[in-house]
Amino acid sequence: MGVFLNRDTDCICALATPWGRSAIAVIRLSGLHCGLKIKTLLSPSIKDEDFKTKFVRFTKIHDHQSNPLDQILLLNFPHPRSFTGEDVVEIQCHGSPVLVEAILNAIVSCGIRLAEGGEFSKRAFLNGKMDLIQAESIQQLIEANSLRAVRENLQKLEGFISQIVQKIQTQLMNILGTIEAHLDFPEDDIDSLDKDQLCRELVAVGATIGEKIRESQRVEHLSRIPHCVIIGRPNVGKSTLFNALLETKRSIVSDKAGTTRDYIQEILTIQGSQVLLTDTAGIRPNPDAIEGEGIEKSLEFLHASDLILFIKDACMGWTQEDENLFKMTDGRPRLFIINKYDVNQHTEHWMDQETPLKICSHNAEDIQSVKLRMAAMLKLEMDHQEMFISLNQRQNHCMKETLGSVIAAEALLVHGADLEIVALKIREAMEKLAQMTGVSVDKALLDHLFSQFCIGK
Ligand SMILES: Nc1nc2c(ncn2[C@@H]2O[C@H](COP(=O)(O)OP(=O)(O)O)[C@@H](O)[C@H]2O)c(=O)[nH]1
Ligand SMILES: [Mg+2]
């Protein structure tokens with residue numbers, strides 16, 4: 001673990017729960033003898049030697065002038081069996097912001113400084129409590145927006161990716177060992193070097209890494225909420241369809257063109273997957289200023305969406321406006337819908353190249369078929385129970401760099417390069433991989449990483 005890095009050894013404190021009024025707030029302290037340092041704030045019934053063992057005590061806390069502040073639950077975790085690996089104390093107090101601030105002030109008056117974002121996790125990492133991937137997964141777990149992401153990051157926290165990295169590291173070490181043994185004892189040709197076998201082993205390592213990178217890309221796609229935007233001329237029934245899909249009256253429906261002048265977004269759940277659905281202002285020439293802005297926004301959504309629901313009114317012919325808008329959506333994933341089919345069922349040959357879905361927005365079955373087509377086009381039917389784990393940007397970069405070095409080593413071996421050089425490339429691959437778990441990582445990167453964490457974590 002990154003023991004070469006300078007460690008901060010001073011005591012730190014922070015509120016670990018969000019600022020604001022709550023039933024309970026948790027203040028956390030870490031550092032050598034942090035409990036002893038705040039002893040003067042606590043009831044005299046708590047003795048110095050108590051801090052040598054793990055305990056939970058219901059007690060009272062005072063400010064530095066002995067004025068009582070609150071009844072608290074005090075938890076003590078002596079090093080090294082704590083989250084950070086240092087002495088850790090947790091104070092559970094009542095969740096009044098005034099109180100929390102007073103308690104923090106009292107703690108600071110005891111010579112304990114306020115922690116910066118991620119300092120607790122950073123200490124846990126530096127003290128070998130977890131590797132960098134696990135530390136990062138804590139923050140990702142906090143930021144998770146879906147149960148899927150929660151499960152994924154919990155697995156990471158439990159060392160799932162770290163184990164894969166270690167396995168690759170061992171494979172590389174074995175290959176390197178074989179080459180180095182040959183370099184050290186070249187005359188010993190009883191066990192002459194089987195270059196083909198080495199090559200196969202390198203290819204296998206490369207394949208494992210490549211597979212992880214691809215898998216991660218797939219998960220990234222899964223973890224994102226796809227964006228679907230409803231587009232069409234005014235009055236074709238966009239807002240009606242929007243409401244019908246969501247089973248609400250969220251968007252105002254009217255027979256007056258230009259009713260939806262802005263855009264409206266809601267989360268729609270189809271087959272257990274979330275889709276961000278946007279109802280836009282109808283796009284028409286010569287709108288007023290407000291509507292014009294809405295239209296501009298609609299065009300922006302066009303380019304950012306994963307699926308466009310292009311709506312056409314069955315009662316009207318294929319107008320120039322339809323044509324213009326349709327052209328704008330060319331080349332993008334698009335579901336062509338002819339609405340108000342209940343009013344006019346005469347099929348016109350508007351579009352030869354694309355079979356439209358003909359619907360009435362007031363018909364539940366038709367709405368169901370729109371959802372089915374959306375699910376198919378957005379590939380929502382993928383098995384979300386299947387557990388894949390994604391790499392974050394930093395981890396992905398380390399994996400790609402490692403793969404680059406493995407491929408280079410393989411190419412060198414195939415082209416009969418000097419074995420010393422092949423060994424050098426493999427060592428390079430191992431170093432790059434080591435950055436992933438943080439065995440080898442520089443201080444600036446660490447500071448940057450942990451500064452993005454929540455305060456108190
Ligand atoms: N008959 C019929 N009328 C519809 C249908 N969909 C929408 N409408 C009507 O068309 C008008 C315009 O609808 P609206 O959703 O406001 O259109 P938007 O401007 O595209 O958002 C309203 O009077 C709706 O009731 C449909 O499938 N059938
Ligand atoms: Mg509308």
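**Group meeting talk: helix α13 and its surroundings**

Hi everyone, let's start with a helix. The buried residues of α13 pack against three helices, namely α4 (132-143), α6 (160-184) and α12 (393-414). Here a residue is buried if 20 or more other C-beta atoms lie within 10 Å of its own, exposed if 12 or fewer, and partly exposed in between, with C-beta atoms placed from the backbone. When I talk about contacts, I mean two residues whose C-beta atoms, also placed from the backbone, lie within 7 Å. Helices (H or I, at least four residues) and strands (E, at least two) are DSSP runs, numbered from the N terminus.

A quick word on what you are looking at. This is a predicted model, in which local features need pLDDT of at least 70 and side-chain atom pairs count only at pLDDT 80 or more, while totals for chains, interfaces and linings use all residues. Residues are numbered from 1 along each chain as its sequence is written, and chains are lettered from A and ligands numbered from 1 in the order in which they are written.

pLDDT, the predictor's confidence in each residue, runs from 0 to 100. The mean for the protein chain is 86, and 86% of its residues reach 70 or more. Residues 1-5 stay under 50, and the model has 9 contacts for them beyond four places in sequence. Where pLDDT is low, the predicted coordinates should not be read in detail.

Now the overall picture. The protein chain has 14 helices and 12 strands. Of its 457 residues, 35% count as buried. Among contacts with a separation of 6 or more, 67% join residues 24 or more positions apart.

Back to α13, then. This helix covers residues 419-437, which is 19 residues, and reaches 28 Å from its first C-alpha to its last, close to the expected 27 Å. That expectation is 1.5 Å times one less than the number of residues. Which residues of α13 are buried? They are Val422, Ala423, Lys425, Ile426, Ala429, Met430, Lys432, Leu433, Met436 and Thr437. Leu424 sits in α13 too, but counts as partly exposed because it has 17 C-beta neighbours inside 10 Å. Its C-alpha is 9.6 Å from that of Ser405, 19 residues away along the chain. Just after the helix, Gly438 takes a positive phi of about 90 degrees.

How do α12 and α13 cross? Their axes come within 8 Å and cross at roughly 170 degrees. So α12 is roughly antiparallel to α13; angles under 35 degrees count as roughly parallel, over 145 as roughly antiparallel, 65 to 115 as roughly perpendicular and the rest as oblique. The axes are lines fitted to C-alpha atoms, for helices over the stretch in contact, with angles from 0 to 180 degrees between N-to-C directions. Residues making this contact include Cys398, Met399 and Leu412 of α12, and Ile421, Val422 and Leu433 of α13.

Next stop, α8. This helix, residues 238-246, is mostly covered, with 8 of its 9 residues buried. Among them are Leu241, Phe242 and Leu245. The buried residues pack against β7, β8 (264-270), β9 (273-279), β10 (307-313), β11 (334-339) and α11 (364-377). Glu247, just after α8, takes a positive phi of about 60 degrees. In the loop between β7 (227-232) and α8 we find Asn235, which has a positive phi of about 75 degrees although it is not a glycine. Is Asn235 buried or exposed? Asn235 is buried, because 22 other C-beta atoms lie within 10 Å.

Finally, some loops from earlier in the chain. His33 lies between β2 (22-30) and α1. Phi of His33 is near 55 degrees, a positive value in a residue other than glycine. With 16 other C-beta atoms within 10 Å, His33 is partly exposed. Lys52, in the loop between α1 (34-37) and β3 (55-62), is likewise partly exposed, with 13 C-beta neighbours inside 10 Å. Lys52 and Leu36 are 16 residues apart in sequence and 9.8 Å apart from C-alpha to C-alpha. And where is the cis peptide bond? It joins His79 and Pro80, with omega about 0 degrees, and Pro80 belongs to the loop between β4 (68-77) and β5 (88-95). Thanks for listening!
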